[in-house]
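The following exercises practise the reading of a protein structure step by step. Please attempt each task before turning to its solution.

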Number of protein chains: 2
Amino acid sequence: MRAGITKERLARAGAELADEVGFDRVTITEVARRFDVKVASLYSHVTGSDDLRTRIALLALEELADRGDSALAGRSGKDALTAMADVYRDYAREHPGRYAAAQLRLDTETALASAGPRHAAMSRAVLRGYDLTEPDQTHAVRLLGSVFRGFVDLELGGAFSHSEPDSETSWRRSLDALDALLRSWPTPERPRP
Amino acid sequence: MRAGITKERLARAGAELADEVGFDRVTITEVARRFDVKVASLYSHVTGSDDLRTRIALLALEELADRGDSALAGRSGKDALTAMADVYRDYAREHPGRYAAAQLRLDTETALASAGPRHAAMSRAVLRGYDLTEPDQTHAVRLLGSVFRGFVDLELGGAFSHSEPDSETSWRRSLDALDALLRSWPTPERPRP
DNA sequence: CCGGCTTGCCTAAGCACATTAGGTAGACGC
DNA sequence: GCGTCTACCTAATGTGCTTAGGCAAGCCGG
């Protein structure tokens with residue numbers, strides 16, 4: 001009676017566990033328990049707990065990129081901006097463990113083979129709705145990424161939950177502000193009128 | 001021959017360890033080794049490894065707030081904005097482990113007794129140089145915090161290190177952009193001309 | 001249908017860290 | 001100098017990670 005374990009099923013189970021108890025508390029032992037299998041058996045499928053965590057991260061990055069692709073389809077400008085922003089925020093709220101996993105630091109090779117580059121491409125797609133050329137586009141990609149990442153982290157960490165106004169409003173207003181900023185992106189030498 | 005251990009010395013040693021090996025690899029066992037003391041002995045000073053991690057986080061939050069206070073003294077407007085932003089970024093680069101510790105999720109009571117509120121006050125001090133009233137000021141505080149936090153995390157995570165232009169330039173340009181944004185903060189109903 | 005081979009899952013064992021219970025001796029108050 | 005407190009100890013337990021080596025389930029060729 002073999003359990004039919006695969007790397008993919010391990011990653012999925014790990015992702016579910018992460019959402020339940022937090023990514024940093026994902027243990028290979030608990031995953032084994034959920035498959036009703038001894039811990040050592042998992043070592044035929046993953047090389048160790050680092051490998052498992054990496055696979056969860058890759059899974060999360062893919063899921064996020066897939067959601068992003070759907071959300072961006074047929075949208076542009078501010079519509080696209082908020083759609084992509086909400087993809088990250090909603091995913092983090094639905095799947096905090098996977099979202100945390102998506103932030104795992106990957107080595108260069110793994111990162112390049114991951115869905116990471118798809119995320120960068122998504123940002124650039126959003127920015128096509130604005131009038132930016134290189135290198136400003138890259139700066140804007142990074143700023144956008146920073147806001148999304150930072151806001152979601154802080155909100156999830158409860159940083160905004162102990163004071164008015166509610167974080168939902170701050171999120172909408174921040175996106176308004178970003179949209180305005182991108183429409184009149186300042187150049188250092190000759191600021192726009 | 002007593003080692004003269006105190007909670008404060010433990011937190012400092014833990015912080016140094018965090019900077020060397022990463023906050024998530026801080027172990028109470030290694031701290032004990034560094035004091036040349038048995039692990040169990042530390043339990044007279046901290047209640048457990050969670051307690052130790054929390055104390056490291058509190059230490060980092062204080063150090064950051066202290067740096068912020070100095071940096072902000074006598075500055076206003078964009079000068080204050082960049083000074084505060086650089087405090088976070090420089091601290092994270094000098095002390096990655098402590099910076100990671102500063103992001104540890106604290107329970108409400110601990111958070112309120114920490115230097116956390118000083119950070120919020122610092123943001124508001126920076127914003128005094130701009131023409132914002134509540135609730136926009138709070139939205140701006142959150143947006144600023146999101147950018148700082150997000151950019152620093154991404155940069156430290158290597159997200160910007162595999163492509164041109166260098167992240168230093170993006171940082172400066174992002175601060176320029178934030179400054180411009182704060183000077184003409186958009187209101188949702190009646191956007192400024 | 002059966003013997004062999006692959007391999008998925010097993011037992012066993014070793015190591016690191018966290019934590020608790022209970023002992024001993026150093027430092028300080030009197 | 002005597003007693004007390006407490007800083008530090010030894011011992012033991014539990015959890016998780018990892019490797020080495022065994023067994024048998026299930027596919028494959030005959």
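The exercises below concern a predicted model, and each is followed by a worked solution.

**Exercise 1. Determine how chain B and chain A are related by superposition.**

Solution.
Step 1. Two copies of a chain are related by a rotation about an axis and a shift along it.
Step 2. For chain B laid on chain A, the turn is 180°, the shift along the axis is 0.0 Å, and the RMSD is 0.0 Å.
Step 3. The two copies are therefore related as by a two-fold rotation axis.
Step 4. The C-alpha of chain B nearest to this axis belongs to B:Gly150, at 1.9 Å from it.
Step 5. Both copies use the same surface, since 100% of the contact residues of chain B recur in chain A.

**Exercise 2. Describe the interface between chain B and chain A by its contacts, its buried area and its salt bridges.**

Solution.
Step 1. Contact is made by 38 residues of chain B with 38 residues of chain A.
Step 2. The size of an interface is often given as the accessible area lost when the parts come together.
Step 3. Here the buried area is about 3100 Å², and carbon and sulfur atoms give 61% of it.
Step 4. On the side of chain B, the residues that lose the most area to chain A are B:His139, B:Arg142 and B:Arg173, which together give 24% of what that side buries.
Step 5. The salt bridges between the two chains number 2. One of them pairs B:Asp136 with A:Arg173, and the closest N and O atoms are 2.9 Å apart.

**Exercise 3. Identify the residues that touch the most other members of the largest nonpolar core.**

Solution.
Step 1. In soluble globular proteins, nonpolar side chains tend to be buried together.
Step 2. The largest nonpolar core has 102 residues, and those touching the most other members are A:Phe148, A:Leu182, B:Phe148 and B:Leu182.
Step 3. Helix H3 of chain A, residues 49–72, supplies the largest share of this core, namely 10 residues.
Step 4. Leaving aside residues up to four places away in sequence, B:Leu182 touches B:Leu81, B:Leu127, B:Tyr130, B:Leu132, B:Ala140 and B:Leu144.
Step 5. A second core of 18 residues is separate; among its members are B:Ile5, B:Val46, B:Ile56 and B:Ala101.

**Exercise 4. Test whether the span of helix H1 of chain B agrees with a rise of 1.5 Å a residue, and state what covers its buried residues.**

Solution.
Step 1. Helix H1 of chain B runs over residues 7–21 and has 15 residues.
Step 2. The expected span is 1.5 Å times one less than the number of residues, so this helix should span 21 Å.
Step 3. The end C-alpha atoms are 21 Å apart, which agrees with the expectation.
Step 4. The buried residues of this helix are B:Leu10, B:Ala11, B:Ala13, B:Gly14, B:Ala15, B:Leu17, B:Ala18 and B:Asp19. Their cover includes helices H2, H3 and H5 of chain B.
Step 5. Just after the helix, B:Gly22 has a positive phi of about 100°.

**Exercise 5. Compare the placement of two salt bridges of chain A, A:Arg34 with A:Glu20 and A:Arg55 with A:Asp51.**

Solution.
Step 1. In the pair A:Arg34 and A:Glu20, the closest N and O atoms are 2.7 Å apart.
Step 2. A:Arg34 belongs to helix H2 and A:Glu20 to helix H1, so this pair ties together parts that are 14 residues apart in sequence.
Step 3. A:Arg34 is partly exposed because its relative accessibility is 39%, and A:Glu20 is exposed at 52%; the cut-off for exposed is over 50%.
Step 4. In the pair A:Arg55 and A:Asp51, the distance from N to O is 3.4 Å.
Step 5. Both residues of this pair lie in helix H3 of chain A, 4 residues apart, about one turn of the helix.
Step 6. A:Arg55 is partly exposed at 27%, whereas A:Asp51 is buried at 16%.

**Exercise 6. Locate the cis peptide bond that ends at A:Pro135 and the positive phi of A:Asp36.**

Solution.
Step 1. The cis bond runs from A:Glu134 to A:Pro135, with omega near 0°.
Step 2. A:Pro135 is in the loop between helices H7 and H8 of chain A.
Step 3. A:Asp36 is not a glycine, yet its phi is near 55°.
Step 4. This residue, A:Asp36, lies in the loop between H2 and H3 of chain A and is exposed, at 73% relative accessible area.

Note on methods. Residues are numbered from 1 along each chain as its sequence is written. Chains are lettered from A and ligands numbered from 1 in the order in which they are written. This is a predicted model: local features need pLDDT of at least 70, side-chain atom pairs count only at pLDDT 80 or more; totals for chains, interfaces and linings use all residues. Side-chain values use heavy atoms; hydrogens and water are left out. A nonpolar core is a set of buried Ala, Val, Leu, Ile, Met, Phe, Trp, Tyr and Cys residues joined through side-chain atoms within 4.5 Å. Buried means under 20% relative accessible area, exposed over 50%, partly exposed in between (1.4 Å probe, protein chains only). Helices (H or I, at least four residues) and strands (E, at least two) are DSSP runs, numbered from the N terminus. Contact means heavy atoms within 4.5 Å. Copies are superposed by least squares on the C-alpha atoms of residues with pLDDT of at least 70 in both. Buried area is the accessible area (1.4 Å probe) that two parts lose on being put together, summed over both. A salt bridge is a side-chain nitrogen of Lys or Arg within 4 Å of a carboxyl oxygen of Asp or Glu.
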